[in-house]
Amino acid sequence: MSFAAFLLLLSPTPQDAPAPQPHAMPGEDPVDPYKVDPHNAGATPFAGDGMARAFHGQAGIRRIVDRFVDSNFADPRIGEIFMNQDKVRLKRVLFEQFCFILNAGCTYTGRDMRTAHKNMGVQQGDMNRLVENLQAAMHVERVPFAAQNRFLAKLAPMRRDVVER
Ligand code: HEM
């Protein structure tokens, strides 16, 4: 038997394999189906390439998102909300969202903010803490302060879809 045929034997049959999620990366948990729409990102992108440059392009955005997500998971105040959530997916879609909004050349394929944060019980204090973690990650990447604040101002209105009252 050829090596390729042997591998085929080992692979799960189509009936066993869960339906692949469009856009998902290896290691992600499946999520309930939803419609992919750029509006799901919750904000319109900046014009021009100034913001993308301030964040050091896709590589810089990737570093910020990785650090930001890790700090949220490790956070003594809000880490509990992230516990048992899919970090692989969160890093991917959050990168897409930031990259899309910063006009750095990405499409957002994640869920809308209301659906993504439904029944999570997020309070205003949690949101403040998350913003502090984002500020710290942008600071490490040396994003100029004015650009940090322009970006935070884009995210601020999403509060109404994230925070529960
Ligand atoms: C403007 C503020 C926020 C933005 C832009 C944002 C963005 C996102 C995005 C893009 C996703 C992934 C959506 C998807 O999987 O399709 C997500 C999921 C998540 N967010 Fe946020 N988020 C915000 C605030 C918060 C806050 C304040 C918390 C809690 C302190 C939080 C906790 C989570 C958790 C735990 C998930 C994972 C949900 C899951 O996998 O089912 N988020 N968020």
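A136 counts as partly exposed because 14 C-beta neighbours lie inside 10 Å. On this scale a residue is buried if 20 or more other C-beta atoms lie within 10 Å of its own, exposed if 12 or fewer, and partly exposed in between, with C-beta atoms placed from the backbone. A136 sits in helix 7, and its C-alpha is 12 Å from that of D66, although the two are 70 residues apart in sequence.

Before going further, please note that this is a predicted model, in which local features need pLDDT of at least 70, side-chain atom pairs count only at pLDDT 80 or more, and totals for chains, interfaces and linings use all residues. Residues are numbered from 1 along each chain as its sequence is written.

**The overall fold**

The protein chain contains nine helices and zero strands. Read from the N terminus, its elements run α-α-α-α-α-α-α-α-α. Helices here are DSSP runs of H or I with at least four residues, strands are runs of E with at least two, and both are numbered from the N terminus. Of the 165 residues in the protein chain, 20% are buried. Among contacts between residues at least 6 apart in sequence, 77% join residues at least 24 apart. A contact means that the C-beta atoms of two residues, placed from the backbone, lie within 7 Å.

**Helix 3 and its two partners**

Let us look at helix 3, which covers residues 57–74, and helix 5, which covers residues 87–101. Their axes come within 9 Å and cross at roughly 135°. Axes are lines fitted to C-alpha atoms, for helices over the stretch in contact, and angles run from 0 to 180 degrees between N-to-C directions. Helix 3 and helix 5 are therefore oblique to each other. For such angles, under 35 degrees counts as roughly parallel, over 145 as roughly antiparallel, 65 to 115 as roughly perpendicular, and the rest as oblique.

The crossing of helix 3 and helix 5 is right-handed. A crossing is right-handed if the near helix is turned clockwise from the far one by less than a right angle, and left-handed if anticlockwise. On the helix 3 side, the residues that meet helix 5 are Q58, I61, R62, V65, D66, V69 and F73. Their partners in helix 5 are K87, L90, K91, L94, F95, F98 and C99. The residues of this contact divide into nine nonpolar, one polar and four charged. In this grouping Ala, Val, Leu, Ile, Met, Phe, Trp, Tyr, Cys and Pro count as nonpolar, Asp, Glu, Lys and Arg as charged, and the others, Gly among them, as polar.

Helix 7 is another partner of helix 3: their axes come within 9 Å and cross at roughly 140°. This crossing, too, is right-handed. From helix 3, I64, R67, F68, S71 and N72 take part, and they meet L130, N133, L134, A136, A137, M138 and V140 in helix 7. The residues of the contact of helix 3 with helix 7 divide into eight nonpolar, three polar and one charged.

**An annotated position**

UniProt lists H117 for "binding site" in an unreviewed entry. UniProt positions follow the numbering used here, feature names are shortened, and annotations may be inferred rather than shown by experiment. H117 lies in the loop between helix 6 (113–116) and helix 7 (124–140). With 17 C-beta neighbours inside 10 Å, H117 is partly exposed. Apart from neighbours within four places in sequence, H117 is in contact with V122, D161 and V162.

**Two loop residues with positive phi**

Most residues other than glycine have a negative phi. The table shows two residues with a positive value.

| Residue | Phi | Loop | C-beta atoms within 10 Å |
|---|---|---|---|
| N84 | near 65° | between helix 4 (79–82) and helix 5 | 7, exposed |
| R142 | near 60° | between helix 7 and helix 8 (145–155) | 10, exposed |

**Some distances across the chain**

D49 is in the loop between helix 1 (3–10) and helix 2 (50–54). It is partly exposed, with 13 other C-beta atoms within 10 Å. From C-alpha to C-alpha, D49 and T115 are 30 Å apart in space and 66 residues apart in sequence. R53, which lies in helix 2, is also partly exposed, with 13 other C-beta atoms within 10 Å. R53 and A74 are 21 residues apart in sequence, and their C-alpha atoms are 29 Å apart in space.
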